[in-house]
Structure formats: structure tokens, C-alpha cells
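Trainee: I've got the model open and I'd like to go through the labels people put on it. Can we take them one by one?

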Amino acid sequence: MSVITRSWLSFAAIGAGVIHLALVISSPLAVGIPLALFGLAELTWGVLILVKDRLLVPRLAQAGALAPVLLWSLLTVTATLLAAPQIASSLRFVPMGIAALFELFIAAILSVILRRRSSDTPAARAPKAPSAVRYLAAVIVAGVLVGGLTTPALAATQAGSVAMEHGGTMGGMMDMNMPGMGH
């Protein structure tokens, strides 16, 4: 597996983890605890594979990437069948949908990697290192994509809806009519 692939997996895991942690605030305890655990696990795994020179626990990570998607689906179906939308209302669609995209990406890439590992010979496993320009371009693209998807997902959570708008006056601490403060 290349360092670029590992970087993309890391960014996606960190994005999903941050979204899951942001959803904890508005969730009931029975939903919030698993979200917090998934979020912390995703953040930890994402940081560790970025720092380490190898992929860590790929089969467990694959299952961990699919588990929140499956649980969200089960919760939504249960809420629909019981005609009780309040069961799943704390898990807003936009943040959970974007987190699910990240998780499905992780699961798909890990599936490809695990399949290649099972059919490769040990000598064929060492990938060629990418050039610095290619690596930098890949990291920038990953950062823009993950940041571009994570930001609206976070804004769609309850924590994002009560956050102070950019350009605010910090709760009145700064008076924009003071000399030297614009105008």
C-alpha cells in the first residue's frame, strides 16, 4: 500500500471521527455512547496510520468503518417501522450521510488492499515511493475534499447550528466602533 493511499484513509477516518463526535452532543445516551466510541476509534486509527509506516488492523478497521453505517441504517429502519421519528432524529442526515461516505470509502479501499495482500507474493508487496510533488498534490487534494465535506457536515450538527458565526464580535468583547477597529 502506498503512502498516498494511507494518507487518504487517514484523512477519511479523521473526517468521519470528527463528525461522529460532533453528533454526540445532540444524541440521547444510548446513541451518543456508540457515536463517541466510533469517533474516538476513527480519530485514533486515522492518526496512527498517518504516523506509522504501515496499515494497522485492517480487518478490524474495515468492520469498524461499516459498523456505524449499519447501525445508522438499523436505527432509521426501526424508527420508520415504529413510526417514531424521534428515535433517529438526533442523527441528522447530512452529517451521517457524509460520515457514511467516508466510511464506505475506507471499507472499499481496505477491501481492495486485503484482497491484493491475499493474492500477492511477499516480494510484490513493497510499493514504489511516490515523488514529493505527487505526494504533496495527493495530500492537498485529500485535505480539500475531506475539509470540504466535513465542514458542512459539522455545520449541520446541533453543535454547528449554535456556533458563533465567523466575523462575530466575540460576545460583545470587541466594539467595532472603537478607533482602529475598522470603518
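Trainee: What makes nine residues in the lining of the second largest pocket nonpolar, one polar and one charged?

Mentor: Keep in mind that this is a predicted model. The lining includes Ala-13, Phe-38, Trp-45, Val-57, Leu-60 and Ile-106, and Ala, Phe, Trp, Val, Leu and Ile all count as nonpolar. Glu-42 is in the lining too, and Glu counts as charged. Gly-64 is another lining residue, and because Gly is put with the polar ones, the split comes out as nine nonpolar, one polar and one charged.

Trainee: Which elements give two or more residues to that lining?

Mentor: H2 and H3 do. The pocket itself holds about 220 Å³ of space.

Trainee: Why is Ser-7 called buried?

Mentor: Its relative accessible area is 3%, and buried means under 20%, so Ser-7 qualifies. Ser-7 sits in helix H1. Leaving aside neighbours within four places in sequence, Ser-7 touches Leu-50, Tyr-135 and Val-139.

Trainee: How do you know that the span of H2 is close to what's expected?

Mentor: H2 runs over residues 29–51, 23 of them, and reaches 32 Å from its first C-alpha to its last. At 1.5 Å a residue you'd expect 33 Å, so the two are close.

Trainee: And what covers the buried residues of H2?

Mentor: The cover includes helices H1 (3–24), H3 (58–81) and H4 (93–119). Among the buried residues of H2 are Leu-35, Gly-39, Glu-42 and Trp-45. Glu-42 and Trp-45 also line the second largest pocket.

Definitions and conventions
Residues are numbered from 1 along each chain as its sequence is written. This is a predicted model: local features need pLDDT of at least 70, side-chain atom pairs count only at pLDDT 80 or more; totals for chains, interfaces and linings use all residues. Side-chain values use heavy atoms; hydrogens and water are left out. Helices (H or I, at least four residues) and strands (E, at least two) are DSSP runs, numbered from the N terminus. Buried means under 20% relative accessible area, exposed over 50%, partly exposed in between (1.4 Å probe, protein chains only). Contact means heavy atoms within 4.5 Å. On a 1 Å grid over the protein atoms alone, a cavity is a set of points where a 1.4 Å probe fits but cannot get out, and a pocket is an open set with protein on both sides within 12 Å along at least five of seven lines; lining residues have an atom within 4 Å of a point. Grid points are joined across faces, edges and corners, and a volume is the space filled by probe spheres set on the points.
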